[in-house]
Amino acid sequence: MNAAPEIPAEIPAHRSELRLWLRLLTTANTIEAEIRRRLRDRFNTTLPRFDLMAQLERAPDGIQLGELSRRMMVSNGNVTGLVERLAQEELIDRQVSEADRRAVQVRLTPQGRAVFTEMARAHADWIAELVGALDQAEQEALSTQLSALKASVRPGGPPTQPKPKRQGGKMRRQNAIAAPLEGFTPQHFGFAIQDGIATVTLNRPEKKNPLTFESYAELRDTFRALRFEESVTAVVITGAGGNFSSGGDVFEIIEPLTTMGAADLHAFTTMTGDLVKEMRACPQPVVAAVEGVCAGAGAIIAMASDLRVAAAGAKVAFLFNRVGLAGCDMGACAILPRIIGQGRASELLYTGRFMSAEEGERWGFFNRLVPAGESLGAARETARALVQGPAYANGLTKRMLHMEWAMGVDAAIDAEAMAQALCMKTQDFRRAFEAFAGKMKPVFEGN
């Protein structure tokens with residue numbers, strides 16, 4: 001019999017290095033999240049805005065927009081949107097070349113430089129405070145380990161050649177967001193969990209809550225994380241400031257899309273479709289609270305929800321053909337006809353016209369119509385009723401509603417037989433029997 005192989009002595013050291021590396025990453029992420037929060041609370045600004053102003057502060061003569069995008073490692077569209085807002089606040093100047101409209105030179109105004117100087121002082125103090133929270137041994141261990149790891153990435157090898165630049169802008173890929181989501185603070189929309197209900201708030205009210213590359217990705221990852229979030233039984237999605245969403249931002253999405261190559265365009269349309277897939281795949285029913293304008297991708301998000309509550313005066317439009325695109329976007333041609341019928345869906349997708357709240361309720365797009373300003377309250381009321389129901393069973397109902405679109409009747413009946421048998425093994429089924437036998441209302445616990 002052969003002797004058992006000897007375990008290499010390097011493994012414990014390797015694990016020790018890995019623990020330190022993970023701790024370094026955790027520390028960096030924690031510091032970044034805290035910096036984001038402090039910038040928002042004290043200066044009502046975001047980390048990307050601060051980063052952009054920092055780049056301009058280092059270049060008093062200004063930077064070309066394309067070079068600024070490269071330095072910040074984000075798409076031209078995102079930089080364009082930030083520049084647009086900072087220019088409106090008179091924090092930066094823009095100079096556009098008459099020969100080439102895309103050749104835009106940007107620089108800080110005196111007011112912008114003063115604002116950034118104040119933010120930079122606070123930022124330096126915050127970094128010193130947060131890093132100083134580590135004890136000396138931790139700081140030295142992490143610093144030593146980071147230096148060693150950086151030196152060992154390509155030992156003795158030639159530097160990696162940069163990949164050839166693709167045509168058009170690029171989208172930053174979002175890291176997946178992990179459950180649990182309690183205390184999670186997204187960068188691009190509001191998020192809160194209370195009494196088993198997660199509320200997602202699209203919150204750029206000054207522009208009717210448009211979507212950007214980043215908000216699409218963060219929404220997609222949030223709904224994916226909800227698959228594994230046990231504390232959430234229902235989701236409400238709404239918009240701030242009296243509107244749901246005006247769809248993709250003209251300057252932050254539509255303009256850069258006109259310059260992208262085929263690979264980047266397909267990556268974008270795949271990402272937007274993935275948002276709908278994740279909304280359909282999360283087990284929690286999603287209730288949309290629709291006020292005011294609900295257009296383009298905003299209409300898709302409402303459509304992808306399980307239930308929709310509209311306020312009087314709300315209007316919905318699938319605007320894709322008005323910008324020269326097909327109505328077959330993010331599942332619209334598959335989902336919308338199943339909600340309102342083929343003929344009505346065809347009308348909305350061919351014409352891009354607005355559907356009123358009253359028309360939407362009559363056609364079955366909206367489950368409920370309430371007075372203006374009351375859609376969020378009504379949606380939460382619906383969500384509370386769902387939270388009180390059997391969560392596991394509701395999740396199966398949602399899954400079967402989605403899966404049976406592609407099934408024949410016999411296959412659907414067989415699938416439902418299996419799903420219902422699973423529900424009959426749950427404690428909630430037993431609780432319901434005991435409650436009914438005792439002439440009481442059942443209290444479901446989701447298992």
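Where is the place of phenylalanine 444 relative to helix H17? Phenylalanine 444 sits in the segment after that helix, which spans 427-437. Please keep in mind that this is a predicted model. Below is a friendly tour of three spots: this phenylalanine, a three-stranded sheet, and helix H11 with its surroundings.

**Around phenylalanine 444**
- With a relative accessible area of 24%, phenylalanine 444 counts as partly exposed, because the buried class is kept for values under 20% and the exposed class for those over 50%.
- Its contacts, leaving aside residues up to four places away in sequence, are Gln388, Gly389, Pro390, Asp428 and Ala432.
- For one of these, aspartate 428, the C-alpha atom lies 5.5 Å from that of phenylalanine 444, although 16 residues separate the two along the chain.

**The sheet and helix H2**
- Three strands form an open sheet in the order E1-E3-E2, and their pairing is antiparallel.
- Strands E1 (63-64) and E2 (92-96) are at the edges with a single partner strand each, so one side of each has no neighbour in the sheet.
- E1 and E3 (residues 104-108) run antiparallel and are joined by 2 bridges; in one pairing, glutamine 64 has glutamine 105 of E3 as its bridge partner.
- Lying across E1, E2 and E3 is helix H2 (residues 47-57), which runs at about 90° to E3.

**Helix H11 and its neighbours**
- Helix H11 covers residues 332-340, and its buried residues are Ala332, Ile335, Leu336, Pro337 and Ile340.
- Those buried residues pack against four helices: H9 (262-281), H10 (297-304), H12 (342-351) and H13 (357-363).
- Just after H11 comes glycine 341, with a positive phi of about 100°.

Definitions and conventions
Residues are numbered from 1 along each chain as its sequence is written. This is a predicted model: local features need pLDDT of at least 70, side-chain atom pairs count only at pLDDT 80 or more; totals for chains, interfaces and linings use all residues. Side-chain values use heavy atoms; hydrogens and water are left out. Two strands pair if DSSP finds at least two bridges between them. Contact means heavy atoms within 4.5 Å. Axes are lines fitted to C-alpha atoms, for helices over the stretch in contact, and angles run from 0 to 180 degrees between N-to-C directions. Buried means under 20% relative accessible area, exposed over 50%, partly exposed in between (1.4 Å probe, protein chains only).
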